[in-house]
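Hi,

Here is the structure I promised to pass on. Have a look at it first, and then read my notes below.

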Amino acid sequence: MLGVRDLSVRIGRHEIVSIDELDLPAGRRLGLVGESGSGKTMTAMSLAGLAPAEARQCGSIVLDGHELVGLGDKQLARVRGAQMGVIFQDPLRALNPTMRIGRQIDEAVRLHANLSRAERRERVLELMSHVQLSEPERLVRRYPHQLSGGQRQRVLIAMAIASGPRLLIADEPTTALDVTVQKEILGLLVRLSEERQMALLFVSHDLGVVRAVCEYVAVLYGGRLVETGPVRTVIHRPRHRYTEALIGANPGHASADDLAAVNGRQLTAIPGVVPSIDAFPIGCRFRDRCAHAVAACADDPPMERLAGEHRFACFNPTIAAKEWELDGNAR
Amino acid sequence: MLVEAHDLWFRYGKEWTLAELELSVESSATLGIVGESGSGKSTLVRLLCGLITGASGTARYDGRDITEWLRRDAKQFRRHNQIVFQNPASSLDPRMRIRTSLTEPVKALERRVPTLQEIEQWLALVGLGSDVLARYPHQLSGGQLQRIAIARALSVNPTVLYADEPTSALDVSVQAQVLNLLMNLRQRLGLTLVMVSHDLAIVGRMSEQMIVMKSGRIVESGPTLNVMHNPQSDYTRTLIEAAQAVSLPTTGVYENRLANTRSGHATS
Ligand SMILES: Nc1ncnc2c1ncn2[C@@H]1O[C@H](COP(=O)(O)OP(=O)(O)O)[C@@H](O)[C@H]1O
Ligand code: SF4
Ligand SMILES: [Mg+2]
């Protein structure tokens with residue numbers, strides 16, 4: 001469905017995305033995770049053919065048989081329109097504040113199909129029910145500010161799936177929402193992806209959210225892919241020190257027992273901040289914040305391949321993983 | 001009790017925003033307030049720290065009614081009760097250098113100009129250097145701004161620090177730094193911390209006592225671990241499920257497995 005090979009995106013002197021290999025099979029869900037400034041949005045935009053004009057790409061991005069690298073804007077727009085829907089973090093900004101909801105969804109429908117007015121109206125209501133907006137007849141007459149955050153995000157999802165895309169790109173779609181609303185929206189995205197065999201490229205700074213939604217995860221830092229694999233493997237047995245650090249920084253706990261162990265205790269925060277694009281260290285870009293850096297880390301760590309599509313690039317990976325390998329051998 | 005409310009009601013307009021609230025916070029305790037947006041969390045803490053008035057019922061700080069504090073001794077009250085908000089950018093004036101914003105509370109509440117040495121001490125408390133002083137808010141990151149908001153609140157040596165969704169606008173990793181900072185400061189300074197969040201994972205992790213709010217009412221309260229282990233209301237269960245849906249199996253991987261073993265022994 002979506003395949004990336006040796007992708008490099010540069011703006012000026014800086015390489016802002018570097019990915020050797022990444023695949024998203026049809027109908028599957030892949031999470032791009034990392035702190036802000038780690039290059040998630042840039043990566044997602046490049047994969048969507050939405051990289052800024054000044055960005056220079058080389059390598060290969062194949063979407064459903066079409067090579068995107070090197071395509072002109074018009075051709076890109078055509079491939080995108082037919083195959084891809086996009087939703088962003090802030091639904092209020094993505095919607096037109098002066099236009100009724102029904103009209104906005106209708107415009108998305110009109111872009112992709114030549115239907116009569118009555119048919120379009122039917123289609124709008126149908127899309128609204130697909131995203132579980134209740135009382136669609138009443139809601140179509142509302143303006144964006146009259147909707148709750150969760151309803152607005154559902155409207156955006158309805159617009160994004162109007163073309164029947166095979167790939168949906170969602171950039172931090174629930175960051176601004178309450179956890180209870182978040183849970184519903186995440187559930188909706190999973191259901192839509194499954195029912196429509198629609199692949200999902202899901203961007204988030206929160207590994208917990210990625211775990212809830214995705215089957216695969218790609219961890220990014222400094223625009224580079226540092227670890228990738230099935231989400232369970234990567235979260236239970238991370239190898240890269242950055243992945244481990246992201247997990248440690250998460251306040252979430254799976255059970256009451258976990259909570260009793262950590263209540264009132266410090267989180268294992270990642271020291272420092274993500275540097276600006278021109279200030280990453282040479283070699284492993286995480287080196288200046290990594291508690292496990294060794295001399296070798298001054299070079300670029302090569303990608304290592306483990307069983308089950310699990311890959312990582314780290315010179316001094318976690319012990320937990322080594323222990324796991326022993327477990328595996330023993331079993 | 002340091003902070004107390006009995007049968008507290010409040011409304012902005014016709015509808016009651018807060019109803020029948022009962023609450024008490026011991027000195028040096030950590031109280032977490034959790035609930036969805038619109039449940040009244042911010043209204044409650046704004047009332048308790050005297051930013052809004054007009055509630056009926058009782059709200060006391062240090063044994064004295066808060067309205068009375070505000071009438072007789074507002075400055076003293078504000079020195080004792082400080083707050084940081086979700087969006088530090090909005091609580092810092094974009095046209096003012098950090099140094100000016102930072103020194104405002106001391107100027108206003110203590111009627112004096114703090115020395116550079118003092119200012120540097122506040123910054124050191126929150127892990128920042130004096131290089132930020134000449135900057136404007138837009139030149140700093142969300143995490144840095146939240147540290148500055150915390151330093152500013154601490155500049156008057158408060159007794160209670162209210163934190164209203166202090167990390168909701170931050171990345172998970174920056175959030176961890178800020179939460180650690182708050183836990184640290186609380187211990188070092190003996191602060192009473194009242195922390196509001198819509199995220200049960202944060203309240204569950206940070207607080208000893210917690211309150212669950214829904215539509216302006218308290219649906220459940222008690223020691224955090226009791227509430228989390230044995231929630232009494234359906235609503236609390238819903239919140240717990242929502243938080244667990246996006247939790248990670250363990251925090252801190254290897255280290256945490258050890259922590260679990262230890263707690264397993266301790267409780268069994
Ligand atoms: N148009 C651009 N021009 C120059 N640098 C950019 C541009 N867009 C993003 N960057 C830089 O690329 C890096 C990654 O940014 P971004 O993709 O926004 O990460 P994230 O989504 O994780 O926040 C950042 O250092 C950012 O400053
Ligand atoms: S390569 Fe080295 S610096 Fe980079 S994450 Fe691994 S141990 Fe840390
Ligand atoms: Mg981003």
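Which helix of chain A gives the most to the shell around ligand 1? That is helix H1 of chain A, residues 40-47, which puts 3 residues into the shell. Before you read on, please keep in mind that this is a predicted model.

Ligand 1 first, then. The shell around ligand 1 comes to 13 residues, and the closest of them are A:Gly37, A:Gly39, A:Lys40, A:Thr41 and A:Met42. Sorted by class, that shell holds 5 nonpolar, 5 polar and 3 charged residues.

Several polar contacts involve oxygen atoms of the ligand. A polar backbone atom of A:Met42 lies 2.6 Å from an oxygen of ligand 1. For A:Lys40 the side chain does the job: an N or O atom there is 3.0 Å from a ligand 1 oxygen. A:Gly39 uses its backbone, with a polar atom 3.1 Å from an oxygen of ligand 1. As for cover, on its own ligand 1 has 560 Å² of accessible area, and the protein covers 67% of that.

Now to ligand 2, which sits in the largest cavity. Among the residues around ligand 2 are four cysteines, A:Cys284, A:Cys290, A:Cys297 and A:Cys314. The histidines A:His240 and A:His292 surround it too, as do the arginines A:Arg241 and A:Arg287. A:Phe286, A:Ala293, A:Phe315 and A:Asn316 are also in the list. By class, the ligand 2 shell has 7 nonpolar, 3 polar and 2 charged residues.

Over in chain B, I looked at a sheet. It is an open one, made of 4 strands in the order E2-E1-E4-E5, with antiparallel pairing. E2 (18-25) and E5 of chain B are the edge strands, each pairing on one side only. In general, strands of a sheet pair through backbone hydrogen bonds.

Inside that sheet, strand E1 (residues 3-10) of chain B runs antiparallel to strand E4 (residues 56-61) of chain B, and 5 bridges join them. If you want to find the register on screen, B:Glu4 has B:Arg60 in E4(B) as its bridge partner, and B:Trp9 is opposite B:Ser56 in E4(B).

E4(B) is also joined to strand E5 (residues 64-65) of chain B, by 2 bridges and again antiparallel. Here B:Tyr61 faces B:Arg64 of E5(B) as its opposite number. E4(B) and E5(B) make a hairpin with 2 residues between them, and in the turn B:Asp62 has a positive phi of about 50 degrees.

Cheers

Key. Residues numbered from 1 in each chain as written. Chains lettered and ligands numbered in written order. Predicted model: local features only at pLDDT ≥ 70, side-chain atom pairs only at ≥ 80, totals over all residues. Heavy atoms only, no water. Near = heavy atom within 4 Å. Polar contact = N/O pair within 3.5 Å; in protein donor to acceptor, adjacent residues only side chain to side chain. Areas by Shrake-Rupley, 256 points an atom, 1.4 Å probe, with all protein chains shown as cover. Nonpolar A, V, L, I, M, F, W, Y, C, P; charged D, E, K, R; others polar. 1 Å grid on protein atoms, 1.4 Å probe; cavity = no way out; pocket = protein on both sides within 12 Å on 5 of 7 lines; lining within 4 Å. Sits in = over half its atoms within 2 Å of the grid points. Pairing = 2+ DSSP bridges.
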